Amino acid sequence: MHIKKNDTVLVIAGKDSGVRGKVLRINAKAGKIVVEGVNRVYKHVRRSQRNPQGGRLSKEMPIPASNVMLVCQKCGKRTRTGARYLEDGSKERFCRKCGAGIGPIAPARQAYAKKRP
Ligand SMILES: [Zn+2]
């Protein structure tokens, strides 16, 4: 999965194409994500103890992760992400457009650390 929770993403396919939003939830197994304000549906709810008024409830439904691209915080463009090892052997995601790091994805491992002379 190229997307993580709290990423800002741009929807590039589907009915909400062009909408920007924050990632609220991830379902890695299904390859789906929930993005704030994207794929909103109205759920009709009956009167109940918890919801004495009943009525319509607006909520976001999951969309395929392949329908979005990450928006880079550095360059502001939509971009693919890459993964690379840093000097200390930890792994991070990075922006393929400007090369800025976008946070760690794995802790440091000696085997991947650059050996110093
Ligand atoms: Zn960038």
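Partly exposed, as I use the term in these notes, is the class between buried, under 20% relative accessible area, and exposed, over 50%. I keep in mind throughout that I am reading a predicted model.

**Entry on isoleucine 105**

I began with isoleucine 105 and found its relative accessibility to be 37%, so I entered this residue as partly exposed. I then looked up where isoleucine 105 sits in the fold, and its place is in strand β11, which covers residues 101-106. Leaving aside residues up to four places away in sequence, I listed the contacts of isoleucine 105 as Lys4, Ala83, Lys91, Glu92 and Arg93. I also checked its separation from cysteine 95, which is 10 residues away along the chain, and the two C-alpha atoms are 14 Å apart.

**Entry on the zinc ion**

Cysteine 95 led me to the metal, where I looked up the protein donors of the zinc ion and found the SG atoms of Cys72, Cys75, Cys95 and Cys98, lying 2.3 Å from the ion. The angles among these 4 donor atoms run from 104 to 116 degrees, and I noted the site as tetrahedral. Reading along the sequence, I wrote down the spacing of the donor residues as C-x2-C-x19-C-x2-C.

I next asked how accessible two of these donor residues are. Cysteine 72 has 4% relative accessibility and therefore counts as buried, whereas cysteine 75, at 27%, counts as partly exposed. Since cysteines were on my page, I also looked for disulfides, and the structure holds 0 of them.

**Entry on the sheet**

I turned last to the strands and traced an open sheet of 6 strands, which I recorded in the order β6-β3-β2-β1-β7-β8 with antiparallel pairing. Its edge strands are β6, residues 63-64, and β8, residues 78-79, each of which pairs on one side only. As a reminder to myself, strands of a sheet pair through backbone hydrogen bonds, in either a parallel or an antiparallel manner.

At the β6 edge I followed the pairing down to residues: strand β3, residues 32-35, runs antiparallel to β6 and is joined to it by 2 bridges. I looked up the partner of lysine 32 in β6, and the residue bridged to it there is proline 64.

Note on methods:
Residues are numbered from 1 along each chain as its sequence is written. This is a predicted model: local features need pLDDT of at least 70, side-chain atom pairs count only at pLDDT 80 or more; totals for chains, interfaces and linings use all residues. Side-chain values use heavy atoms; hydrogens and water are left out. Donors are N, O and S atoms within 2.8 Å of the metal (3.2 Å for Na, K and Ca); water is not among the atoms, so sites may look incomplete. Four donors count as tetrahedral if all angles lie between 85 and 135 degrees; four count as square planar and six as octahedral if opposite donors are over 155 degrees apart and all others between 65 and 115; anything else is irregular. Buried means under 20% relative accessible area, exposed over 50%, partly exposed in between (1.4 Å probe, protein chains only). Two strands pair if DSSP finds at least two bridges between them. Helices (H or I, at least four residues) and strands (E, at least two) are DSSP runs, numbered from the N terminus. Contact means heavy atoms within 4.5 Å. A disulfide is a pair of cysteine sulfur atoms within 2.5 Å.
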